[in-house]
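Open the model in your viewer and keep the selection panel at hand. Each stop below tells you what to pick and what you will find there.

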Amino acid sequence: WDFPDGTLARREVAAYEVSQALGWGLVPTTVLRDGPCGEGMCQQWVAAPPDDAAPELLALVDADEPGPGWKAVGRAAVAEGRTALLVHADDARLRRLAVLDAVINNADRKGGHLLPAADGRLYGIDHGVTFHTDDKLRTLLWGWAGEPLTDEARTALTALYDDLAEGAPLARRLAELLTPAECTATRKRVRSLLDSGVHPVPSGRWPAFPWPPV
């Protein structure tokens, strides 16, 4: 309701373009196409690994602290009067995705939007509600909130900031997909991440978690 009608397909493509500019290839190839109902986006199909080979990325655990290899997100109600700790894997691929979500202001990073591929890569999908000018980050990947960005992330964000300068190829491409205000806000978010040097924390002005979480 809070995103303009008819813009979600272009936001999906913009998320792909930013992912490519970061050099992490976190979003499957995404393009605009004309179809029988008008303009829409098409995205490359990602083949999933066999069930017994798929990595566990999210879990609910009956504990107060996450175990080795996991990051705590928060407590979740699992039954009347009972809660469990929601955790996600302490995985470099997820950490890159958390940075991408902060850049594109992803308002809907659910568990079902994480796609492990048969080749071992990890993709994120469903980026229609992104690039809003207001802070709307909603995600299940808060495990690094307040922690320093990795050197890899700072390097990628520095290059991205330059790529978003007026007249740069990425800036021109995003101008075809987003409003001028949304393009400006995206570059400001990158600058803010570089200036703070840490992963964002929930702002308190917007629900921090998507619903439903999967």
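Which element gives the largest share of the lining of the second largest pocket? Select strand S4 (70-79). S4 supplies 6 residues, the largest share of that lining. Keep in mind throughout that this is a predicted model.

**Stop 1: the second largest pocket**

Stay with S4 and add strand S3 (58-61); each of these strands supplies at least two lining residues. In total, 15 residues line the pocket. Show Ala76, Leu86, Leu140, Trp211 and Pro213 as sticks, since these lie nearest the centre. The volume is about 300 Å³. Colour the lining by class and you get 13 nonpolar residues, 1 polar and 1 charged.

**Stop 2: the largest pocket**

Now select Ala102, Asp135, Leu137, Arg189 and Pro200. They lie nearest the centre of the largest pocket, which has 22 lining residues. H2 and H5 are the elements that give two or more residues to this lining. H5 gives the largest share, with 5 residues. The space here is about 360 Å³. By class, the lining divides into 12 nonpolar, 5 polar and 5 charged residues.

**Stop 3: helix H5**

Select residues 180-196, which make up helix H5. Put a distance between the C-alpha atoms at its two ends: they are 24 Å apart. That agrees with the expected span, because 17 residues at 1.5 Å a residue should cover 24 Å. Next, highlight Glu182, Cys183, Ala185, Thr186, Arg189, Val190, Leu193 and Leu194, which are buried. What covers them? The cover includes helix H1 (8-22), H2, H3 and helix H4 (169-175). Then step just past the helix to Gly197, where phi is positive at about 75°.

**Stop 4: salt bridges**

The count comes to 15 salt bridges. Side chains of opposite charge can pair when their charged atoms come close. Visit three of the pairs.

- Arg11 and Glu182: the closest N and O atoms are 2.9 Å apart. Arg11 sits in helix H1 and Glu182 in helix H5, so this pair ties together parts 171 residues apart in sequence. Arg11 is buried at 2% relative accessible area, and Glu182 is buried at 8%.
- Arg109 and Asp101: N to O is 2.8 Å. Arg109 has 1% relative accessibility and counts as buried. Asp101 is buried too, with a relative accessible area of 1%.
- Asp151 and Arg154: N to O is 2.1 Å. The two are 3 residues apart in helix H3, so about one helical turn separates them. Buried or exposed? Asp151 counts as exposed at 54%, while Arg154 is partly exposed at 30%.

Before moving on, select Glu17, Arg173 and Glu176. Salt bridges with shared partners join them into one network.

**Stop 5: two positive phi angles**

Most residues other than glycine have a negative phi. Here are two that do not.

Centre on Asn105, in the loop between helix H2 (92-104) and strand S6 (114-116). Its phi is near 60°. At 2% relative accessibility, Asn105 is buried.

Finish at Asp126, in the loop between strand S7 (122-124) and helix H3 (151-163). Phi of Asp126 is near 65°. Asp126 is partly exposed, with a relative accessible area of 38%.

Technical notes
Residues numbered from 1 in each chain as written. Predicted model: local features only at pLDDT ≥ 70, side-chain atom pairs only at ≥ 80, totals over all residues. Heavy atoms only, no water. Helix = DSSP H or I, 4+ residues; strand = E, 2+ residues; numbered from the N terminus. Buried < 20%, exposed > 50% of the residue type's maximum accessible area, 1.4 Å probe, protein only. Expected span 1.5 Å × (residues − 1). Contact = heavy atoms within 4.5 Å. 1 Å grid on protein atoms, 1.4 Å probe; cavity = no way out; pocket = protein on both sides within 12 Å on 5 of 7 lines; lining within 4 Å. Points joined across faces, edges and corners; volume = space filled by probe spheres on them. Nonpolar A, V, L, I, M, F, W, Y, C, P; charged D, E, K, R; others polar. Salt bridge = Lys/Arg side-chain N within 4 Å of Asp/Glu carboxyl O.
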